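The following exercises concern salt bridges and the placement of residues in a protein model. Please work through each task before reading its solution.

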Amino acid sequence: MLLAVLMPVYNEAPVLRASVERVLRTPPPVDSDGSPLSRVVTLVDDGSTDGSAELCRELAEADGVACVIRDTNGGKGRAVADALAHANELDADLAIIQDADLEYDPADHAKVLAPILDGRADAVIGSRFIGETHRVLYYWHSVANRALTQLSNMLSNLNLTDMECGTKAFGKPVLDRLRITEKRFGLEPEIVARLARMRLPDESGGGVRHVRIYETPVSYAGRTYAEGKKIGWRDGVEALRCILQHNLL
C-alpha cells in the first residue's frame, strides 16, 4: 500500500529540510499484515520567495520525495488541493497532511492512520486537546478554536474537539472524492464539512453510507509569530464564513 504524505510549503526554508528528514527518519506505518507501507512525501511549494522552491527541488532528488512547484502564492488550501491531486495521480491508498513547519510530529502518523488501516475509519482527524503533549501558547487562539469547532459541530452534527487541527488523514475512497476549493486556512472547516456530507458505497449491503470519521490525539509544538506562525485573526473570521458556507449551502 502507498501512503502519500502531503506537505504544503510556503516560505519555510529555515526548517524545511529538517521537517522532510524527520518524516523520512520516522518508520512508516505498517499494514494490517505487518508489512511497512510504501511512502512518498509530496512537497507543494506555494510560490515561496525565500528559496523554499529550490530546496523542494533539491529534496525531491531523494527516494520517496516528490515536489510540485506553484509559480504564485495561492494559499494553503490550493497547495493541499495540488498535493491531493498528485496523490491521486500516484494512485495512493492513503494520504495524510503534514505541515512543513515542525509543529506536528510525523511520529504520530502510525497512530493517526491505524483506524483506517484496520478498517474502522475512512478518515481520521487529529486533536491537540485530548491527551497528548502540546506547547502552551495563545489563550485567545484556543478560545477562537473552541468556538469555531463548536459551530462546525452544530452544523455538521459531528463531535470533534479540534476541527482546525492540521493533521488529517484519508483512506482511498475519501481520497478519490475529496475536493478542496478554499484557498487559505479555510480548508480545515471545508474538509470537515465535506466529510460530514460525503457518502461512500456501502459494500456490505449496497446503497451508500456515511463516512466513518475517527479522532485521535496528536502532539503539538506550536510556533509563535516571531518563529514564523502565519495564521491570524482574519483567518478566524474567514473560517467562520467557510463553516457557514460549506455546511449550509
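K168 counts as buried, at 0% relative accessibility, where buried means under 20% relative accessible area, exposed over 50%, and partly exposed in between (1.4 Å probe, protein chains only). The model is predicted: local features need pLDDT of at least 70, side-chain atom pairs count only at pLDDT 80 or more, and totals for chains, interfaces and linings use all residues. Residues are numbered from 1 along each chain as its sequence is written, and side-chain values use heavy atoms, with hydrogens and water left out.

**Exercise 1.** Identify the salt-bridge partner of K168 and state which parts of the fold the pair ties together.

*Solution.* Step 1: apply the criterion, a side-chain nitrogen of Lys or Arg within 4 Å of a carboxyl oxygen of Asp or Glu. K168 meets it with E188, the closest N and O atoms being 2.6 Å apart. Step 2: locate the two residues. K168 lies in strand β6 (residues 168-171) and E188 in helix α7 (residues 187-197), so the salt bridge joins parts that are 20 residues apart in sequence. Helices (H or I, at least four residues) and strands (E, at least two) are DSSP runs, numbered from the N terminus. Step 3: assess burial. E188 is buried at 4% relative accessibility, and K168 is buried at 0%. Step 4: extend the search. A network of salt bridges links K168 and E188 with K76 and D99.

**Exercise 2.** Determine how R241 and E238 are placed in helix α8, and whether each is buried, partly exposed or exposed.

*Solution.* Step 1: the two residues form a salt bridge, with 2.5 Å between the closest N and O atoms. Step 2: both belong to helix α8 (residues 233-248), where a spacing of three residues separates them by about one helical turn. Step 3: R241 is partly exposed at 30% relative accessibility, and E238 is partly exposed at 32%.

**Exercise 3.** Classify K111 and D108 by accessibility, and give the number of salt bridges counted.

*Solution.* Step 1: K111 and D108 form a salt bridge whose closest N and O atoms are 3.5 Å apart. Step 2: K111 is partly exposed, with a relative accessible area of 28%, whereas D108 is buried at 9%. Step 3: the count by the stated rule is 16 salt bridges.

**Exercise 4.** Where is G206, and how far is G206 from S127 in space?

*Solution.* Step 1: G206 occupies the loop between β7 (199-201) and β8 (208-210). Step 2: its relative accessible area of 39% makes G206 partly exposed. Step 3: from C-alpha to C-alpha, G206 and S127 are 33 Å apart, with their positions 79 residues apart in sequence.
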